[in-house]
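Visitor: I should like to learn how to read the features of a structural model. Please take me through them one at a time.

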Amino acid sequence: MLRAGIIGAGFIGKVHARSYPQVSGAQVVAVADPSRQRAARLAKAFGADVYTDPWQLLKRRDLDMVDICAPTPLHHQYAIGAMRAGKHVLCEKPIARTLAQAKRTVEVWQETGVQFMVAHDLRFCPDYRRLKAVVDRGDIGQPQMAYAARLSAFPNWSWQNWYANEQLSGGLLVDMAIHDFDFLLWLLGPAQTVFTRGVKAPNAHFHYAHATVRFQSGALALIEASWAHPKGYRFRQTLEVMGTRGVVNLDSDSANSLVTVTSGGQRIEESPLPEDDYVLEIRHFVDCLARHQSPEIPPEEAISALALALAARTSLLKGKPVAVPEAL
Amino acid sequence: MRVGMMSYAHLHAYKYSAVLKGLEGASLVAIADEQPARARQAAKRFEVEQVYSDYQELLDCSDIDAVVICSPNAQHAAQAVAAARAGKHILCEKPLATTVADAQRMIAAAQQAGVILQTAFVCRYDWTLVLAREKVLAGAIGKPLALSGFNRGNCPPGWFTDPEQAGGGAVLDHSVHLTDLFRWFLDDEVEEVYAQAGTLFHPKLKVDDCGLLSLRFRSGVIASVDPSWSRPPSFPTWGDFFLTILGTKGVLSTSDARQVVSVYGSQRGRQRLVWEPWGADYDQAMVEDFIASICQQRPPHASGEDGLRALEIALAAYQSAKSGRPVRLRS
């Protein structure tokens, strides 16, 4: 049984924590968060130890892996710290806030020889996975275009609202659209140029953006990201890939297999899968540790996703198309 | 109202003809087509006696009030200018023309002759889109922030993929409907266009078969368009049409894929899913409105100027795709 420590007991920390009971090879033994109360709330279910200082957690010698769920700008410090302490690292996306931080993290990973995976959970979503398999099987011929959308009301749950602080989060392109950037890179190969337009919330962050990406293969993609949808809007993610011989698409709006309508007209839609993408992602990482195999998402690919997201952000800020840098 | 059809090169000509046959207060009296066989066939189908292979002969008929132009795009200008000079009102298939100069000539000729020049922006008559616009104007979603439009189709046959006759490919063919709707919804003009275009699905074509447009309006509203011919032959219908408008207080989406019946059958021995639409017939509404605007001597709902504006956006998209840079439109 691998012993895991979670750093960050906020929104995504909670999501990760509740997945561990379904991962047979690992148990959560430590949780760190600047808020003792929040850390304690997560730790309670596992009887795990509580830390307000992540560095104290990293000092524990009995930890095999660290699961980093802290805000983006802290990823690289904790990832590097954990690697230096000989712990395997599962780190929330994006890999880091800047390319320099990301590259440094990968350098340390290579020096230390621990296992390292960035949690691009979309790669473990059953619908996205099936779509990828269909494309890889050649059913739609050569994939030439894609449209990916990630639409949501503003996520108002982040710690001190750090999502809205673009210096910290990188904004919706680096925090949210990076899911689609990563998946499209996985599908279509390296990106060449990106052009982005966006709309700002009054005197605040960008809350809607569309990006057009040309890939080195010549393929084109449109990526739409919104935090500007109305309150109460059900989060929606869609992906369509168009090939020389066909089209394949998925849409979270039509993904719920159980619909209940109660007296009064309330409609409840559910997708009662036994395990979600987070369980599959953590289980994959834990299985890789147990079997000494490399995880499915190489850290270099997480850097490529960040490079594309940051290039998209630069384009948004400058109003010009931007060449996507070679990641490493 | 006596109407003549100018060319059946565009398949919409058959729908417009059928509508004209059924309209009270209008009749389809003459057909001109440079392909005599096609002209004869249409004349037989729509029971029309006057058949010409020379467009000018139709325009010389003094008893014809109006014409519908469905020739290949590059021929629109010459035919429309000749029709205007002959005093005929004009309903012209989109895109209005293939160059800005041609579109301007058409507009000027119509103005000079005092005839109506209407661009066949049929989406303006789609009940779903009409209601969507009313709701947006009534503030149902607050102030519009961003629009996205999709009009992806099969690869069309024949002259549509001939650069000389079509003047462009998918970007020109399909972007104009959406950009016209954007302008109509927002009552605003596009300020800057960025676009990518390519021939990615049918590599033998001499025109683009796909593209992506990113637009910014003067008000700061932004919009994206996917006009690609990316639907495979196995797609359940000719193509799709989606429009989404995100506002400060809500979001509104339209889809043409909902008002269909799904047929799991075999067509010509080929088994596939087919979507048969049951929504309202907006071709009928458009042709009726064309006739009504002539009778009432009022401007049409989509003018030649509207056709020109949409054309300008598409041509700017090609310019941007070529240069790799955003293109600013004239103000």
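Visitor: How many helices and strands does chain B have?

Guide: In this predicted model, the secondary structure of chain B consists of ten helices and 15 strands.

Visitor: Which radius of gyration does chain B have, and how should the value be read?

Guide: The value is set against the one expected for a compact globule, which for 331 residues would be near 20 Å; chain B has 20 Å, so the two agree. Along the principal axes, the C-alpha atoms of chain B occupy a box of roughly 55 × 55 × 40 Å.

Visitor: What share of the residues in chain B is buried?

Guide: Of the 331 residues in chain B, 59% are buried. The accessible surface of chain B amounts to about 13,700 Å², and carbon and sulfur atoms contribute 50% of that area.

Visitor: What do the contacts of chain B say about separation along the sequence?

Guide: Among contacts in chain B with a separation of 6 or more, 69% join residues 24 or more positions apart.

Visitor: How far apart are the mean positions of the positive and negative charges in chain B?

Guide: Chain B carries 33 positive and 36 negative charges, and their mean positions lie 5 Å apart.

Visitor: How many disulfides are there over all chains?

Guide: A disulfide covalently links the sulfur atoms of two cysteines. The count over all chains is zero.

Visitor: Why does A:Cys125 form no such bond?

Guide: The closest cysteine sulfur, in A:Cys69, is 16 Å from that of A:Cys125 and therefore too far for a bond. A:Cys125 is buried, its relative accessible area being 6%. B:Cys61 is likewise in no disulfide, with the nearest cysteine sulfur, that of B:Cys70, 18 Å away. B:Cys61 is buried at a relative accessible area of 11%.

Definitions and conventions: Residues are numbered from 1 along each chain as its sequence is written. Chains are lettered from A and ligands numbered from 1 in the order in which they are written. This is a predicted model: local features need pLDDT of at least 70, side-chain atom pairs count only at pLDDT 80 or more; totals for chains, interfaces and linings use all residues. Side-chain values use heavy atoms; hydrogens and water are left out. Helices (H or I, at least four residues) and strands (E, at least two) are DSSP runs, numbered from the N terminus. The radius of gyration is taken over C-alpha atoms; the globule rule is 2.2 Å times the number of residues to the power 0.38. Buried means under 20% relative accessible area, exposed over 50%, partly exposed in between (1.4 Å probe, protein chains only). Contact means heavy atoms within 4.5 Å. Accessible areas come from the Shrake-Rupley method with a 1.4 Å probe; for residues, only the protein chains shown count as cover. Lys and Arg count as positive and Asp and Glu as negative; His and the chain ends are not counted. The place of a charge is taken as NZ of Lys, CZ of Arg, CG of Asp or CD of Glu. A disulfide is a pair of cysteine sulfur atoms within 2.5 Å.
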